[in-house]
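Dear colleague,

Please find the structure below, handed over for your consideration. A written account of what was found follows it.

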Amino acid sequence: MVLEATLICIDNSEWMRNGDYAPSRFQAQTEAANLICGAKTQLNPENTVGVMTMAGKGVRVLVTPTSDLGKILACMHGLEIGGELNLAAGIQVAQLALKHRQNKKQQQRIIVFVGSPIKHEKKVLEMIGRKLKKNSVALDIVNFGEDDEGNTEKLEALLAAVNNNDSSHLVHVPPGPNALSDVLLSTPIFTGDGEGGSGFAAAAAAAAASGASGYEFGVDPNLDPELALALRVSMEEERARQEAAAKRAAEEAAKKEKQGEQQSSSQDVTMTDQDSVPASEADDKKKTTKHDEGLLQEAIAMSSTPSYPSGRDTNMSEVAEDDPELALALQLSMQDGTKDAPSHSDMSQLLADQAFVSSILASLPGVDPEDPSVKDVLTSMQNQSEPQEKKDEDKVSKEEEEKK
Amino acid sequence: GYREDEGLYLESDADEQLLIYLPFTQVVKLHSIVVKGPEEEGPKTVKLFSNREHMGFSNVNDFPPSDTAVLTPDNLKGKPVVLKFVKFQNVRSLTIFIEDNQSDSEVTKVNKIALFGTTVETTDMKGLKKIEDNH
């Protein structure tokens, strides 16, 4: 809960028009800056955040450090791109702005985004770094965009000059499919040197990965066990209620043409889950994700084979849209309850189930069930999953026991 | 003992300036000060501020020092610098700001700082006798 005044320095030079970070470097930067503002104010309500630009017509402070998130978010709109980055002047102005903060008890921190070539010499940056250290100002640098050695070298020298007891950090973000903000979430910039910031980061990571990764209900059982327990209990009550409702609705749902799509979509969910694994840090999260994968395999196996226990609730589209995890767990719990029921093949049930699976996947962003490559992978998975079905069922039911 | 060891010294970090804060456990009057250091990197200009808490390098020039001393190599060997006694009659804390050193090098080194003075008349707690009850 460190009391901190942070000043975020945005690089709004011409280099920010580049689209190597979707949708453009500048957008990625503003998103990341917004996330940082949120995280800092959440860490401690007395924290203040300010914003300034380092390129454009000249170095300009847009918002002096304030705890009013609205003001900060508003000023990010309508920022113009242009000019060249002036890192030295930018950092010095930031230091001055922090020096005149209202609450002298706050620690001083500058977060700099560097996405264009630095025109200053290494020596100049080192001197600035030493001045920052002398005035106990911490500096976080986000290096993105420019891959050339010159920038990296200069920034590392700057970090070495500023760093005091690891309070300053340098983060390199290579261009790629991951959003700049997502990559930053797992860095010390957000996790606040391993303190309470991780709670916000964990929740944000879970939200960013479409709720499939992270903790079961987006709440860390370690951070808040009572809340997690309360959520789980209410979820189970909800499940029971909806099971009854769904059984009635199950008779009506029967869509034959969706069969192929279901299968390919199920595979997509598995892949999305695997993608979200890197986003999560703690071991707990990884275990939960593997659990989900097991559930998914189970779901795919069950939907692909004609013989499986009846009584499964199938038309759960509303629930599935909200929480694919919930839907799968629901499936699992029902499978548990009806394990002893006579297994008879019911075509409508099978298809309805696939309708349900496809509705989960339709709700997931970026999943295209029509994709041929996805379909191929799925069919190959199907061939593997059938012999594994029995094994998965046992494993999954055992995990269910442990979970309870 | 180790207090006179020349190998032990205080060294400045980012640049050649040093800021040292000494709070006292009771009010004192200061008479003189000794600053010992190596001939080359020892301190030259030393500014003393009395009763100023939480000074930083940024506000060190914001108010005038209670006294300033320019040290000679003799001082660095142990010759005391006599202070303006009138300014140090009622000292709760002392801030020593070392602005530069003898050879203008990047690093300033200090071996020893000694303060000479007296305490101010305060209540002697041992002399207090407990009042009998039923008064």
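**Strand pairing and confidence**

In chain B, strands β3(B) and β6(B) pair in the antiparallel sense, over 5 bridges. Here strands (E, at least two residues) and helices (H or I, at least four) are DSSP runs numbered from the N terminus, and two strands count as paired if DSSP finds at least two bridges between them. This is a predicted model, in which local features need pLDDT of at least 70 and side-chain atom pairs count only at pLDDT 80 or more, while totals for chains, interfaces and linings use all residues; side-chain values use heavy atoms, with hydrogens and water left out. Residues are numbered from 1 along each chain as its sequence is written, and chains are lettered from A and ligands numbered from 1 in the order in which they are written.

**Chain B**

Chain B holds 1 helix and 8 strands, and from the N terminus its elements follow the order β-β-β-β-α-β-β-β-β. Of its 135 residues, 35% are buried, where buried means under 20% relative accessible area, exposed over 50% and partly exposed in between (1.4 Å probe, protein chains only). Among the contacts in chain B with a separation of 6 or more, 83% are between residues 24 or more positions apart; a contact means heavy atoms within 4.5 Å.

To return to β3(B): in its pairing with β6(B), Val46(B) has Ile98(B) as its bridge partner. Strand β3(B) also runs antiparallel to β4(B) (residues 67-70), to which 4 bridges join it, and Lys47(B) has Thr68(B) as its bridge partner there. Strand β3(B) covers residues 45-50, and 6 of its 6 residues are buried, so it is largely enclosed by the rest of the structure. Thr45(B), Lys47(B) and Phe49(B) point one way from the strand, Val46(B), Leu48(B) and Ser50(B) point the other way, and all are buried.

Strand β2(B) (residues 18-36) has several antiparallel pairings. With β6(B) (residues 91-98) it shares 7 bridges, and Leu18(B) is partnered by Ile98(B). With β8(B) (residues 112-119) it shares 8 bridges, and Ser32(B) is partnered by Phe116(B). With β5(B) (residues 81-82) it shares 2 bridges, and Ile33(B) stands opposite Val81(B).

**Chain A**

How confident is the predictor in chain A? The mean pLDDT of chain A is 72, and 55% of its residues reach 70 or more; pLDDT is the predictor's confidence in each residue, from 0 to 100. Over residues 263-289 of chain A, pLDDT stays under 50, although the model has 53 contacts there beyond four places in sequence. Residues 306-320 of chain A likewise have pLDDT below 50, with 45 contacts in the model beyond near neighbours in sequence. Where pLDDT is low, the predicted coordinates should not be read in detail.

Strand β2(A) covers residues 48-53, and 6 of its 6 residues are buried, so it is largely enclosed by the rest of the structure. Thr48(A), Gly50(A) and Met52(A) are buried on one side of the strand, and Val49(A), Val51(A) and Thr53(A) are buried on the other. Strand β1(A) (residues 4-10) pairs with β2(A) in the parallel sense over 6 bridges, with Ile8(A) opposite Val51(A). The chain passes from β1(A) through α1(A) (residues 25-43) to β2(A) in a right-handed β-α-β crossover; right-handed means that, with the strands pointing away from the viewer, the path from the first strand over the helix to the second runs clockwise.

Strand β2(A) also pairs with β3(A) (residues 60-66), in the antiparallel sense over 4 bridges, and Val51(A) stands opposite Val63(A). The hairpin of β2(A) and β3(A) has 6 residues between the strands, and Gly56(A) takes a positive phi near 70 degrees in it.

Two helix pairs deserve mention. The axes of α1(A) and α2(A) (residues 69-76) come within 11 Å and cross at roughly 175 degrees, which makes the two helices roughly antiparallel. Axes are lines fitted to C-alpha atoms, for helices over the stretch in contact, and angles run from 0 to 180 degrees between N-to-C directions; those under 35 degrees count as roughly parallel, over 145 as roughly antiparallel, 65 to 115 as roughly perpendicular and the rest as oblique. Residues of α1(A) including Ala33(A) and Cys37(A) meet a set in α2(A) that includes Ile72(A) and Leu73(A).

The axes of α3(A) (residues 87-99) and α4(A) (residues 122-134) come within 10 Å and cross at roughly 10 degrees, so α3(A) is roughly parallel to α4(A).

Yours faithfully
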